[in-house]
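Let's walk through this fold together, from its sheets to its helices and then to its pocket. Please keep the model open beside the text as you read.

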Amino acid sequence: MTRIATFAAGTFLAATGFAQASEDIADQYPQSELYSKPVEVIPHVFSAIGATAPPTYENSGHNNNLSFVVTNEGVVVVNGGASVRLAKALHDEIKAVTDQPVKLVINENGQGHAMLGNAYWMDQGVDILAHVDAIEAFSSEADFILQNMERYNRDKAKGTRTVTPNLSFEDSYKVTLGGVEIEVMHMGPAHDPGDTQVWLPQWGMLIAGDIAFHERMLPIFEGICTSCWIETWEEKMDVLNPTYVIPGHGHPTNLAQVRRYTHDYLVDLREKIGAHIDEGGDLASAYYVDQERWKTLDTFDELATKNAGRVFEEMEWE
C-alpha cells in the first residue's frame, strides 16, 4: 500500500519556527475537499493540516488539523471535520493508507470544524467521543454552528446535519488498539469548553488540539479564563513534556514552539493589560496595547485587538 513520506519538509520548518504559513496560500490539494494532503508526522500518525485562515468556501472549512492513528486493529480519527463532505474526503485518504476500518472518532472540542462531520462517521457505524463540556457547548449552539457553516460553504454543506457524540468522558478515556495505548484527556481549562488532547505515550506524541497554537494567533473567546489556561499549561502540559505536538491549527512541531506562541503570548498579553489597568487605562485604549512581538502570526489583524479587549474585561475584576 502507498505510504506518505514521514515529516514533510514544511513540518521540519514549522518545528524550527521558519514555516511560511500565510492566509494567502491557495488550496494545497485542489483535487480533494481537504486543504492539504495528510502527511505521516511520525510512523502511523497522520495529519491533514488545515489552512491558518478563517473557514471559507475555498478551504471548505478545513482550517483545523484532521489527524488519524493507524494500528493493525483499526484507525482512530481526531476531529470529525467541518462537513460530511470533508469527513468523507479524509476517509478516502485513510483508505489509501490502510485497509483497517475506522474504529473511533474523537472530537477535540465543540466547534463546528471538530463536530459537523460527525454525521458522516456515525453513518459509517463509527463511535464518536468527546468531552462532556464540548458536547454541551456544541448542543447548545448546534443550529447556529450549522447555519454559519452553510453560509460560507454553500453547496459543499449539502447533507451535513448536527450529530452529537455517542460516547463522552470527563477526565480521561483510555483505549488500547493494536497494541497502541491511546489516552484521551482533558488537561483543564484552556481555549474552549471541553478542550481535548490525545496522548500516545509510546511515541511521545500529543495531538494537542486548541490548547496549543503557533503559526496563527490564538483567539480568546468571551468567557475564557486566560489565567486558567496558563495554569493548565504549567501544571499539565509542561509536565507531560511531549516530544512531538500536533496542534489544533498549524504544522506539527514541538513543545517549545507551541509554548512560545501560546503560554508565552498569554503571559505577555496579561502583563501588558495588567500594567494598562494599573495606569488607569480603560477598555477603549486597552485594544491598542503593544502586541508587535506577535504581528508575524496569521490572523494577527483579525484577533489581536479582540484578544486585548477580552483580557481587559477578564482582568478588570480579578
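In what order do the seven strands of the open sheet run? They follow the order 1-2-3-4-5-6-7, with mixed pairing. Strands, like helices, are DSSP runs numbered from the N terminus (E, at least two residues, for strands; H or I, at least four, for helices), and two strands pair if DSSP finds at least two bridges between them. Before going further, note that this is a predicted model, in which local features need pLDDT of at least 70 and side-chain atom pairs count only at pLDDT 80 or more, while totals for chains, interfaces and linings use all residues. Residues are numbered from 1 along each chain as its sequence is written, and side-chain values use heavy atoms, with hydrogens and water left out.

Back to the seven-stranded sheet. Strand 1 (39–42) and strand 7 (167–169) are its edges; each has a single partner strand, so one side of each is left without a neighbour in the sheet. Ignoring direction, neighbouring strands are turned by 25 degrees against each other on average; axes here are lines fitted to C-alpha atoms, for helices over the stretch in contact, and angles run from 0 to 180 degrees between N-to-C directions. Within the sheet, strand 4 (residues 74–78) and strand 5 (residues 102–106) pair in the parallel sense over four bridges, and V77 has V105 in strand 5 as its bridge partner. Helix 5 packs on this sheet by touching strand 6 (127–131) and strand 7, its direction making about 95 degrees with that of strand 6. Contact means heavy atoms within 4.5 Å. Helix 2 (residues 84–97) lies across strand 2 (45–48), strand 3 (66–71), strand 4 and strand 5, and runs at about 30 degrees to strand 3.

Now turn to the other open sheet, where five strands are arranged in the order 8-9-10-11-12, again with mixed pairing. Its edges are strand 8 (172–177) and strand 12 (244–247), each with a single partner strand, so one side of each is left without a neighbour in the sheet. From one strand to the next, the twist averages 15 degrees. Strand 8 pairs with strand 9 (residues 180–185) in the antiparallel sense over six bridges, and T176 stands opposite E181 in strand 9.

Helix 8 (residues 263–278) is a good place to look at helix packing. Its axis comes within 10 Å of that of helix 10, and the two cross at roughly 65 degrees. Among the residues making this contact are L269 and I273 of helix 8, and V311 and F312 of helix 10. By class, the contact has eight nonpolar, three polar and two charged residues. Here Ala, Val, Leu, Ile, Met, Phe, Trp, Tyr, Cys and Pro count as nonpolar, Asp, Glu, Lys and Arg as charged, and the others, Gly among them, as polar. Helix 8 also packs with helix 6 (residues 226–240), at an angle of about 140 degrees and with the axes 10 Å apart. That contact includes W229 and W233 of helix 6, and L266 and R270 of helix 8. R270 belongs to the contact with helix 10 as well.

Finally, which elements give two or more residues to the lining of the largest pocket? They are helix 3 (112–115), helix 5 (132–153) and helix 10 (300–315), and the largest share, 10 residues, comes from helix 5. The lining divides into 16 nonpolar, 13 polar and nine charged residues. A pocket is an open set of points on a 1 Å grid over the protein atoms alone, where a 1.4 Å probe fits, with protein on both sides within 12 Å along at least five of seven lines; lining residues have an atom within 4 Å of a point.
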